[in-house]
Structure formats: C-alpha cells, structure tokens
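Subject: Structure for your files

Hello,

Here is the structure we talked about passing on. My notes on it follow below.

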Amino acid sequence: MANVLEALKGINSYPVPLRTLSEIAERRGVSLDETTTAGILKGKDFNLCRADLLLWLSYAPNITQGGQSYSFTDEQRTDMRNLAQQLYDEFEEEDNAPKSIYGYKGKRL
C-alpha cells in the first residue's frame, strides 16, 4: 500500500524536494506517512495538497539532474495552474496565485 508521500510524488516525475512536500502536507494537516485510502485520496486536505503541489510545479525551473532533464512547456505550466485552480474551486479554497494590488500612487487625487 502506498502512503501519502508516494501519492504526492506520483503526481509528476519532477524531483520535488522532500522539504517542499513536507511543508505542503504540514500546512494542510496531512501526514506523509499515512497509508492512502479512497477516502483520503478523495478528501479535501489531500486534494488541496495536490493543488498546492501543481501550483508549485507550474513555477518550478527546468533542470537537469543525473543526466535526466526535467522541463515543462508554457502550455503544461498553464494546464497545471488551471488544474490547481479547479481543485481550489472544487474544495472551496481561496486562490493562492499572486493578486494585483490597486491603489493610489502620487501626491494629488
């Protein structure tokens, strides 16, 4: 049986650092050592972890490690962001993408 860590790593073959996966899981209250069940995989916390990981991957750099290259096209990055947003919407989580801040700049109105 797989655990949550293996399920998150299985989302993509990109070498995501363990500390990144640990931070994502800790922020969502998920234990990486917990054995996965259908309930966990369909649950809110795990799917929000998936969304966080997809968003992280969409901004991850292209790398070469041990003779293996890992890269994403702009289209793949956009698809990952869109899927992450769908998961946030489905599980009623606020968008984690950076937002524009509007306001007055200057001395006169």
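Read from the N terminus onward, the protein chain runs α-α-α-α-β-β-α. That amounts to 5 helices and 2 strands. Please keep in mind that this is a predicted model.

Some totals for the chain come before the detail. Of the 109 residues in the protein chain, 32% are buried. The exposed surface of the protein chain comes to about 7700 Å², and carbon and sulfur atoms supply 49% of that area. Among contacts in the protein chain with a separation of 6 or more, 69% are between residues 24 or more positions apart.

The rest of my notes concern one helix pair. Helix α4 covers residues 44-58 and helix α5 covers residues 74-90; their axes come within 8 Å and cross at roughly 155°. Because angles over 145 degrees count as roughly antiparallel, α4 is roughly antiparallel to α5. The crossing of the two helices, α4 and α5, is left-handed.

Which residues make the contact? On the α4 side they are N47, L48, R50, A51, D52, L54, L55, L57 and S58. On the α5 side they are R77, M80, R81, L83, A84, L87 and Y88. Sorted by class, the contact of α4 with α5 has 10 nonpolar residues, along with 4 charged and 2 polar ones. The leucines in it include L48, L54, L55 and L57 of α4, and L83 and L87 of α5. R50 of α4 and R77 and R81 of α5 also take part, as does D52 of α4.

Regards

Notes: Residues are numbered from 1 along each chain as its sequence is written. This is a predicted model: local features need pLDDT of at least 70, side-chain atom pairs count only at pLDDT 80 or more; totals for chains, interfaces and linings use all residues. Side-chain values use heavy atoms; hydrogens and water are left out. Axes are lines fitted to C-alpha atoms, for helices over the stretch in contact, and angles run from 0 to 180 degrees between N-to-C directions. Helices (H or I, at least four residues) and strands (E, at least two) are DSSP runs, numbered from the N terminus. Angles under 35 degrees count as roughly parallel, over 145 as roughly antiparallel, 65 to 115 as roughly perpendicular and the rest as oblique. A crossing is left-handed if the near helix is turned anticlockwise from the far one by less than a right angle, and right-handed if clockwise. Contact means heavy atoms within 4.5 Å. Ala, Val, Leu, Ile, Met, Phe, Trp, Tyr, Cys and Pro count as nonpolar, Asp, Glu, Lys and Arg as charged, and the others, Gly among them, as polar. Buried means under 20% relative accessible area, exposed over 50%, partly exposed in between (1.4 Å probe, protein chains only). Accessible areas come from the Shrake-Rupley method with a 1.4 Å probe; for residues, only the protein chains shown count as cover.
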